[in-house]
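Here are a few exercises to work through with the model open in your viewer. Try each task before you read its solution.

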Amino acid sequence: MKLITRLLQERLSGKGKVLGWRKSVEGEEYAIYVEVPPEVYQDIDLTLEIGAEVIALSDRLGVPFFAYFVPSQDAA
């Protein structure tokens with residue numbers, strides 16, 4: 001969890017916040033929920049880049065997980 005937090009801190013310049021994780025419905029991998037500002041959530045290229053980096057980290061560690069981005073609640 002520390003590595004994913006560090007990766008997100010670096011890529012999002014401290015704008016992302018890990019909300020938590022849970023096992024997927026299929027039970028084969030973990031979803032890590034990350035709250036991000038609306039401008040990050042709407043930037044498809046950035047979220048795809050970060051998602052690919054997260055999956056690469058998952059592969060290196062041998063633990064199946066992925067990032068699930070959630071827009072900030074205070075995005076009114």
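**Exercise 1: an arginine in a strand**

R22 is partly exposed, its relative accessible area being 47% (buried is under 20%, exposed over 50%, partly exposed in between; 1.4 Å probe, protein chains only). Before going on, two ground rules: residues are numbered from 1 along each chain as its sequence is written. This is a predicted model, where local features need pLDDT of at least 70, side-chain atom pairs count only at pLDDT 80 or more, totals for chains, interfaces and linings use all residues, and side-chain values use heavy atoms, with hydrogens and water left out.

Task: place R22 in its element and list what R22 touches, not counting residues up to four places away in sequence.

Solution.
- Step 1: look at residues 17-23, strand β1, and you'll find R22 there. Strands are DSSP E runs of at least two residues, helices are H or I runs of at least four, and both are numbered from the N terminus.
- Step 2: collect the contacts (heavy atoms within 4.5 Å). With residues up to four places away set aside, R22 touches E29, Y30, A31 and Y33.
- Step 3: check one C-alpha distance. F65 sits 43 residues from R22 along the chain, and their C-alpha atoms are 9.5 Å apart.

**Exercise 2: a glycine in the strand**

Task: find the element that holds G20 and its contacts beyond four places in sequence.

Solution.
- Step 1: G20 is also part of strand β1.
- Step 2: skip the neighbours within four places, and G20 is in contact with M1, A31, I32 and Y33.
- Step 3: take A31 from that list; its C-alpha lies 8.5 Å from that of G20, at a sequence separation of 11 residues.

**Exercise 3: buried or exposed?**

Task: decide whether S72, S13 and A56 are buried, exposed or partly exposed.

Solution.
- Step 1: S72 follows β3 (65-71), in the segment after that strand. S72 counts as buried because its relative accessibility is 16%. Outside its neighbours within four places, S72 contacts E35, V36 and P37.
- Step 2: S13 is in the loop between α1 and β1. At 61% relative accessibility, S13 is exposed. Check its backbone too: phi is near 50 degrees, a positive value in a residue other than glycine. Most residues other than glycine have a negative phi.
- Step 3: A56 belongs to helix α3, and with a relative accessible area of 34% A56 is partly exposed. Its C-alpha is 21 Å from that of V36, which is 20 residues away along the chain.

**Exercise 4: the whole chain**

Task: sketch the order of elements, then compare the radius of gyration with the globule rule.

Solution.
- Step 1: count 3 helices and 3 strands, in the order α-β-β-α-α-β.
- Step 2: the radius of gyration is taken over C-alpha atoms, and the rule is 2.2 Å times the number of residues to the power 0.38. For 76 residues a compact globule would come out near 11 Å; the protein chain has 12 Å, so the two agree.
- Step 3: add the spans of the C-alpha trace along its principal axes, about 35 × 25 × 20 Å. Of the 76 residues, 34% are buried.
- Step 4: finish with pLDDT, the predictor's confidence in each residue from 0 to 100. The average is 88, and 97% of the residues score at least 70. Among the elements, helix α3 (residues 44-61) has the highest mean, 93, and helix α1 (residues 2-12) the lowest, 86.
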